[in-house]
Amino acid sequence: METALPNILVIRHEPCSSLGMLGATLKKHSIPFQYLDISQGEALLEPIARYSHVVVLGGAISAYEHQQYPFLYHEFKLLENAIAQGIPTLGICLGSQILATVLGAKVYRGSAGREAGWCDIQLTENSTVDPLLKGFPSQFKVFQSHQDTFDLPSGCMHLATSEKYGNQAFRYQNHVWAIQFHLEIDEHVLGDCAEVIEQELKDSNIQDTTLAQLLEEAKFHSPAVVPLANQLMQQFLQIERSPLLNAGLAQRMS
């Protein structure tokens, strides 16, 4: 059964991760949200239609590693259902890559190497009228930690780019957004996931960036991201469920 009040499902792939700065708006207005630890084998026991919005967080794995991580198959199906039912959905980092996969695009290891630390994001002209990113500055600095990237899914609106990777954000129809960067991360979220971040730096053979450096930079940069995180969540909550069902997506679900 659909709910009239906001009720957020948050899918996460690392138990240490959280909504971070994006959660402040929800807590301020006492909007309920539920974490689904899908990588730990947790299953959704209620129909996805019970939730007004879905957020998909990041993680250290890759969207194309579904054979190694079979829970991804279940996640793909869950998100297909959410999208087909018009539920406003936001994917962050790995979440953006998973949405790109579900929408039929290729996700792969980027040739420019890992994009790590606080990086500049440039919004496209399309963002000025985008329901989620309208009112944002044309350029801002946010945290990044990824080496995979994705092609733009067919029929999607390109919304953001960076120096290393051109596809940083897109919108599908009027209810699905994918952002490669992290508006939720501050020094507290980084500290909670310290082991994951350190392992990513090690796996990418990055020696000129340390966790201690990232934490100090987060203390400096995250205050400027706080209003952007609040604005994004407020505008996300204003997105209403779409009545449209993509025929191609529905056919793949059948």
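The following exercises, each with a worked solution, concern a predicted model of a protein chain.

**Exercise 1. Overall dimensions**

Determine whether the radius of gyration of the protein chain agrees with that of a compact globule, and describe the chain as a whole.

*Solution.*
Step 1. For 254 residues, a compact globule would have a radius of gyration near 18 Å. The protein chain has 17 Å, which agrees with that expectation.
Step 2. Along the principal axes, the C-alpha atoms fill a box of roughly 50 × 40 × 35 Å.
Step 3. The secondary structure consists of 7 helices and 11 strands.
Step 4. Of the 254 residues, 55% count as buried.
Step 5. Consider contacts between residues at least 6 apart in sequence: 75% of these join residues at least 24 apart.

**Exercise 2. The surroundings of strand 1**

Establish which strands pair with strand 1, in which sense they run, and how many residues of strand 1 are buried.

*Solution.*
Step 1. Strand 1 covers residues 8–12, and 5 of its 5 residues are buried, so the strand is largely enclosed by the rest of the structure.
Step 2. The burial applies to both faces: Ile 8, Val 10 and Arg 12 lie on one side, with Leu 9 and Ile 11 on the other.
Step 3. Strand 2 (residues 33–37) runs parallel to strand 1 and is joined to it by 5 bridges. Within this pairing, Arg 12 has Asp 37 as its bridge partner.
Step 4. Strand 3 (residues 53–56) also pairs with strand 1 in the parallel sense, over 4 bridges. Here the bridge partner of Ile 11 is Val 56.
Step 5. The connection from strand 1 to strand 2 involves helix 1 (residues 23–28), and the three elements make a right-handed β-α-β unit.

**Exercise 3. Assignment of the cysteines**

Decide which cysteines form a disulfide, and explain why Cys 93 and Cys 119 are too far from other cysteine sulfurs for a bond.

*Solution.*
Step 1. A disulfide is a covalent bond between the sulfur atoms of two cysteines. The cut-off applied to the sulfur atoms is 2.5 Å.
Step 2. The sulfur atoms of Cys 16 and Cys 193 are 2.1 Å apart, and this pair forms a disulfide. A search of the whole structure finds 1 disulfide.
Step 3. The torsion about the S-S bond of Cys 16 and Cys 193 is about 110°, so the disulfide is right-handed.
Step 4. Cys 16 lies in the loop between strand 1 and helix 1, whereas Cys 193 lies in the loop between helix 4 (187–192) and helix 5 (194–203); the pair therefore ties together parts that are 177 residues apart in sequence.
Step 5. The two partners differ in exposure class: Cys 16 is partly exposed at 22% relative accessible area, while Cys 193 is buried at 9%.
Step 6. For Cys 93, the closest cysteine sulfur belongs to Cys 119 and is 11 Å away, which is too far for a bond. The converse also holds, since the closest cysteine sulfur to that of Cys 119 is in Cys 93, at 11 Å.
Step 7. Cys 93 is buried, with 4% relative accessibility, and Cys 119 is likewise buried, with 14%.

**Exercise 4. Analysis of salt bridges**

Locate the salt bridges of Asp 148, Glu 216 and Arg 50, and place each in its structural context.

*Solution.*
Step 1. A search of the whole structure finds 7 salt bridges; those treated below are among them.
Step 2. Asp 148 and Arg 109 meet through their side chains at an N to O distance of 2.8 Å. Because Asp 148 is in strand 8 (residues 148–150) and Arg 109 is in strand 5 (residues 107–109), the pair ties together parts that are 39 residues apart in sequence.
Step 3. In this pair, Asp 148 is buried at 5% relative accessible area, but Arg 109 is partly exposed at 47%.
Step 4. Glu 216 forms a salt bridge with Lys 219, with 3.5 Å between the closest N and O atoms. Both residues belong to helix 6 (residues 211–237), where they are 3 residues apart, about one turn of the helix. Lys 219 is partly exposed, at 47% relative accessibility.
Step 5. The side chains of Arg 50 and Glu 46 form a salt bridge at 3.1 Å, N to O. Arg 50 is partly exposed at 31%, and Glu 46 is partly exposed at 34%.

Notes. Residues numbered from 1 in each chain as written. Predicted model: local features only at pLDDT ≥ 70, side-chain atom pairs only at ≥ 80, totals over all residues. Heavy atoms only, no water. Salt bridge = Lys/Arg side-chain N within 4 Å of Asp/Glu carboxyl O. Buried < 20%, exposed > 50% of the residue type's maximum accessible area, 1.4 Å probe, protein only. Helix = DSSP H or I, 4+ residues; strand = E, 2+ residues; numbered from the N terminus. Pairing = 2+ DSSP bridges. Right-handed = clockwise from strand over helix to strand, strands pointing away. Rg over C-alpha atoms; globule rule 2.2 N^0.38 Å. Contact = heavy atoms within 4.5 Å.
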